[in-house]
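Here is a short, friendly tour of the structure you are about to see. Keep the 3D view open and follow along as we go.

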Amino acid sequence: MSEPCRILLICDDDLGCLELRETIGTELRVVPVLGHGDATVVPLEVEGVVASGTWEIGITDRQYQLCIVAITGASPMGELARHPALRGNLSAVLYLVQDIEAAAAGGLRPGRDRVFELPRSRAALLAEIERTLLHVLARNRPPIDDQRCLDLVGALIESGQRSVRPQLTVDDIDGWRYPQVARTLGMAVDQGALLERLVQQGICTRTIVERLRACPSCACHQLSYGESCARCGSVDFARETIIHHFACAHMDTLGNFTQGQDLVCPKCRVTLRQIGRDYEKPTGCYVCRSCAFISSETRVQARCHSCKAQVEPERTVERLVYAYDLTPRADEVVAAQDLVGWDMANVLRKAGTGLYAKSFFLYSLQRELERLKRYTTPVSLVMVRATRLEDVRSSGLESYMHYVQDLWKAATTGLRTLDVPCIWEEGTLALMLPATPLAGAEVVAQRITAVFQARSDAGQIAEELIIAAVVARAEHADAQALMHDAVGALSPGSTTASDLLVLADDEISNGRRAPQA
Ligand SMILES: [Zn+2]
Ligand SMILES: [Zn+2]
Ligand SMILES: [Zn+2]
């Protein structure tokens, strides 16, 4: 059993509330057909109000996952829009309306509110409620825990499906879904958000496989495209044979030019003799029955099947749909049964090391740069790159963990309170040394080499650490510019374009490299 789901009914009278209550029942049971996936059962708490007088008093402050509005006024949307505080607490609204053309004028919140036209059957309404609630639950639930993510990745690897493909659908609100995810994790899961999380963790890569267009007013993807009159927009036009009289420039249908055996211009009354000299028959023309416009050019309009909005195709909203492919890291995290996998940040956090986030490092560095510019207090950096890290990783988790801890110990031994060490990227550490000139940084660099070489299981390869000491200069515009030089100092002569990308990655890695309390 999951958390109960709260539903608010707004009706014209008690009878309406009662009927909807009976239709909805007390729980939502989503049971996949033929055992394809897990069942989801959600208890429902249904409240009903009659929309008259100050009906909103008493419910304005409460949160509801779904509100069903079944009032017959001119604009049910407008009625709710008059109470923005209440509407803000409604995750989704389903408007039961009889005249959608009039109703839609009040405005829907795209992706959250939908219209349901009456008359329809109870079963159809239940299906709509199920679909809407699944959508809301998927978005409002806390993220799937690591173990269930691992279950999904493990199930994909086991079944040999290294690619997760979207499937276009008619009845899902988004217009597509990922059946492979629903099969393992059930249907009330935000499949897109889950897969994006796997991308952030390096477990999947993604590629665009569909570009869909959605309705700008309700986000529905079911759009029809059709031609209409280029002048008045009417769809009531017909293809006809058109005559163009050169002498007076009149254009009309063949029928209006025909008088017995002759062609007579209805405007200037001249009888037409020779095609090409007196007149022409332009091809591909239509006559609009609304405004009598004759043209070969039509206008294409997109029309939403849900809210009936009619817009120019360029005003529809593009939605990108992705396919996801497992990376080799997926095998690693499943083997280790640890979603975050084997990276330096994870190993050090597990070992209880106080780890600074990269954003904090950059923030502190920026402050030191300002101090340098104002008081000429020097600040320097020591960068440490472990060249053998990938080899060590491939020889097993145990040795990788030891190696990373030894590396960290070597880099941080003897640091002062205000020095800030951080993992700049996998395999590279950065140390910021405030109030330290270059000579001081070089001493730190030598100490790191000495401590690292003195460790118990030190390898025979002397060149396994690349260490660079860099001092900040007043020309460094900001911390990022300084870091660009510092990373560049680790690989002299090589391109530094990719180092800039590392900076851009920071937002993603912040989530799991936050400072440890
Ligand atoms: Zn027209
Ligand atoms: Zn004429
Ligand atoms: Zn729409």
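## A helix, two zinc sites and a core

In helix H5, the buried residues are Ala 124, Leu 125, Glu 128, Ile 129, Thr 132, Leu 133, Leu 134, His 135, Val 136, Leu 137 and Ala 138. Please bear in mind that this is a predicted model. Helix H5 covers residues 122–140, and its 19 residues should span 27 Å at 1.5 Å a residue; the end C-alpha atoms lie 26 Å apart, which agrees.

Next come the zinc ions. The table puts two of them side by side.

| Zinc ion | Donors | Distance | Angles | Sequence spacing |
|---|---|---|---|---|
| ligand 2 | His 245 (ND1), Cys 248 (SG), Cys 265 (SG), Cys 268 (SG) | 2.1 to 2.4 Å | 101 to 119° | H-x2-C-x16-C-x2-C |
| ligand 3 | Cys 215 (SG), Cys 218 (SG), Cys 304 (SG), Cys 307 (SG) | 2.3 Å | 104 to 113° | C-x2-C-x85-C-x2-C |

Why is the arrangement around the zinc ion (ligand 2) called tetrahedral? Its 4 donor atoms subtend angles of 101 to 119°, and four donors count as tetrahedral if all angles lie between 85 and 135 degrees. The site of the zinc ion (ligand 3) is tetrahedral as well, with angles of 104 to 113° among its 4 donor atoms.

Are the donor residues His 245 and Cys 248 buried or exposed? His 245 has a relative accessible area of 3% and is buried. Cys 248 is at 19% relative accessibility, and it counts as buried because the cut-off is under 20%. At the zinc ion (ligand 3), Cys 215 is buried at 2%, and Cys 218 is buried at 6%.

Now for the nonpolar core. The largest one has 27 residues, and those with the most contacts inside it are Met 344, Val 382, Leu 407, Ile 423, Leu 429 and Ile 448. Two or more residues each come from helix H11 (344–350), strand S24 (379–386), helix H13 (389–394), helix H14 (397–412), strand S26 (428–434) and helix H15 (438–453). Helix H14 gives the most, with 7 residues. Leaving aside neighbours within four places in sequence, Leu 429 is in contact with residues including Met 344, Val 382, Leu 407, Trp 408, Ile 423 and Trp 424.

One last stop is Ala 351, in the loop between H11 and helix H12 (358–375). Ala 351 counts as partly exposed, at 39% relative accessibility. Ala 351 and Gly 175 are 176 residues apart in sequence, and their C-alpha atoms are 45 Å apart in space.

Definitions and conventions
Residues are numbered from 1 along each chain as its sequence is written. Chains are lettered from A and ligands numbered from 1 in the order in which they are written. This is a predicted model: local features need pLDDT of at least 70, side-chain atom pairs count only at pLDDT 80 or more; totals for chains, interfaces and linings use all residues. Side-chain values use heavy atoms; hydrogens and water are left out. A nonpolar core is a set of buried Ala, Val, Leu, Ile, Met, Phe, Trp, Tyr and Cys residues joined through side-chain atoms within 4.5 Å. Buried means under 20% relative accessible area, exposed over 50%, partly exposed in between (1.4 Å probe, protein chains only). Helices (H or I, at least four residues) and strands (E, at least two) are DSSP runs, numbered from the N terminus. Contact means heavy atoms within 4.5 Å. The expected span of a helix is 1.5 Å times one less than its number of residues. Donors are N, O and S atoms within 2.8 Å of the metal (3.2 Å for Na, K and Ca); water is not among the atoms, so sites may look incomplete. Four donors count as tetrahedral if all angles lie between 85 and 135 degrees; four count as square planar and six as octahedral if opposite donors are over 155 degrees apart and all others between 65 and 115; anything else is irregular.
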